[in-house]
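Work through the exercises below with the model open. Each task is followed by a solution in steps.

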Amino acid sequence: MKRILCFALLCALCLNVIACDKKEKKNNETEPVTTQEATTSWLEAFNQLPVVDEAFDDTMVSLLDYRGIVVLSEPDTSYTDEALFEIVWSKLVEETVIFKVPKDISLSVNARMERFVEEHKNNAEQVYKMDFVSYLKGNGYTEEEFYADVEDYKHTFIKQQMIVYAIAKEEGILATDDEMKKALADYMKTYNVTQESELSSHMGQYYLADIEFEIIMSKVKDKILYFAKLNLK
């Protein structure tokens, strides 16, 4: 299985809690869409969703009941927290339906993907002294496959973000001022900068939204695990 894209994407987004293993899609696998769209792939259906200049609202998402997802355990099998989370999270991503996408989320994720591609190109040229096509080939990708995966992950991550925000709103989860200050200080130390504004050159112009999301996602993960353990059979 090709893993360079998945691993680097996690590193680029600083989101170790979200899995993005490349999955082979069955020919009949689609997102819930209208009858007219039923023969299109989930990605083509997602591309048809309206991007709106509105703040996130839970009416934009039909969220699966995350509090009631039951995980059946096999005899003599125990789940780690990560494994249990991945089971529930995968079901949430698969069965949650998105109706429209806020413009700020779309722009933020697009910026991350562009930064991710540039990092790979720089890695190819500066570290491996290779042209980008040869670099991809050495990791089992054609250029077409690489960009197709980037597009796929982009839409998957938008959906994941909206699920996180929907659960956060339902549970009253926020990133506090103290948590933001600590995270900013940690990132400033990591990138060896003295001014907060300098983080944009390392993390992109949406660094504040990215950091806020990371904090919220961590809390949402804890909440999902809490209910998953209650429902473990």
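**Exercise 1. Identify which helices each supply at least two residues of the lining of the second largest pocket, then describe that pocket.**

Step 1. Helix H4 (103-127), helix H6 (143-171) and helix H9 (207-231) each contribute at least two lining residues. Helices (H or I, at least four residues) and strands (E, at least two) are DSSP runs, numbered from the N terminus. The model is predicted, so local features need pLDDT of at least 70 and side-chain atom pairs count only at pLDDT 80 or more, while totals for chains, interfaces and linings use all residues. Residues are numbered from 1 along each chain as its sequence is written, and side-chain values use heavy atoms, with hydrogens and water left out.

Step 2. The space in this second largest pocket comes to about 380 Å³. Of its 18 lining residues, Phe56, Asp104, Ile105, Tyr165 and Glu212 are the closest to the centre. A pocket here is an open set of points on a 1 Å grid over the protein atoms alone, where a 1.4 Å probe fits, with protein on both sides within 12 Å along at least five of seven lines; lining residues have an atom within 4 Å of a point. Grid points are joined across faces, edges and corners, and the volume is the space filled by probe spheres set on the points.

Step 3. Sorted by class, the lining holds 12 nonpolar, 2 polar and 4 charged residues. Ala, Val, Leu, Ile, Met, Phe, Trp, Tyr, Cys and Pro count as nonpolar, Asp, Glu, Lys and Arg as charged, and the others, Gly among them, as polar.

**Exercise 2. Compare the end-to-end span of H4 with the expected value, and list its buried residues.**

Step 1. With 25 residues at 1.5 Å a residue, H4 should span 36 Å; the distance between its end C-alpha atoms is 35 Å, which agrees. The expected span is 1.5 Å times one less than the number of residues.

Step 2. The buried residues of H4 are Ile105, Ser106, Ser108, Val109, Ala111, Arg112, Met113, Arg115, Phe116, Val117, His120 and Ala124. Buried means under 20% relative accessible area, exposed over 50%, and partly exposed in between (1.4 Å probe, protein chains only). An α-helix has 3.6 residues a turn, so residues three or four places apart point the same way.

Step 3. Take Ser108 of H4 as one case. Its relative accessible area is 5%. Apart from neighbours within four places in sequence, Ser108 is in contact (heavy atoms within 4.5 Å) with Tyr206 and Asp210.

Step 4. Just after H4, Lys129 has a positive phi of about 55 degrees. Lys129 lies in the loop between H4 and helix H5 (132-138) and is exposed, at 66% relative accessible area.

**Exercise 3. Characterise H6 and the residue that follows it.**

Step 1. H6 contains 29 residues and reaches 42 Å from first to last C-alpha, close to the expected 42 Å.

Step 2. Asp152 is in helix H6 and is buried, at 15% relative accessibility. Asp152 and Phe46 are 106 residues apart in sequence, with C-alpha atoms 10.0 Å apart.

Step 3. Gly172 follows H6, with a positive phi near 70 degrees.

**Exercise 4. Is Lys219 buried, partly exposed or exposed, and which residues does Lys219 contact?**

Step 1. Lys219 sits in helix H9 and counts as partly exposed, at 25% relative accessibility.

Step 2. Beyond neighbours within four places in sequence, Lys219 contacts Ile173, Leu174, Ala175, Thr176 and Glu179. The C-alpha atoms of Lys219 and Ala168 are 8.2 Å apart, across 51 residues of sequence.

**Exercise 5. Summarise the whole chain and its confidence.**

Step 1. The protein chain has 9 helices and 4 strands, in the order α-α-β-β-α-β-β-α-α-α-α-α-α from the N terminus.

Step 2. Of its 233 residues, 40% count as buried. Among contacts with a separation of 6 or more, 78% join residues 24 or more positions apart.

Step 3. The mean pLDDT (the predictor's confidence in each residue, from 0 to 100) is 83, and 81% of residues reach 70 or more. Over residues 1-40 the pLDDT is below 50, although this stretch has 73 contacts in the model beyond near neighbours in sequence.
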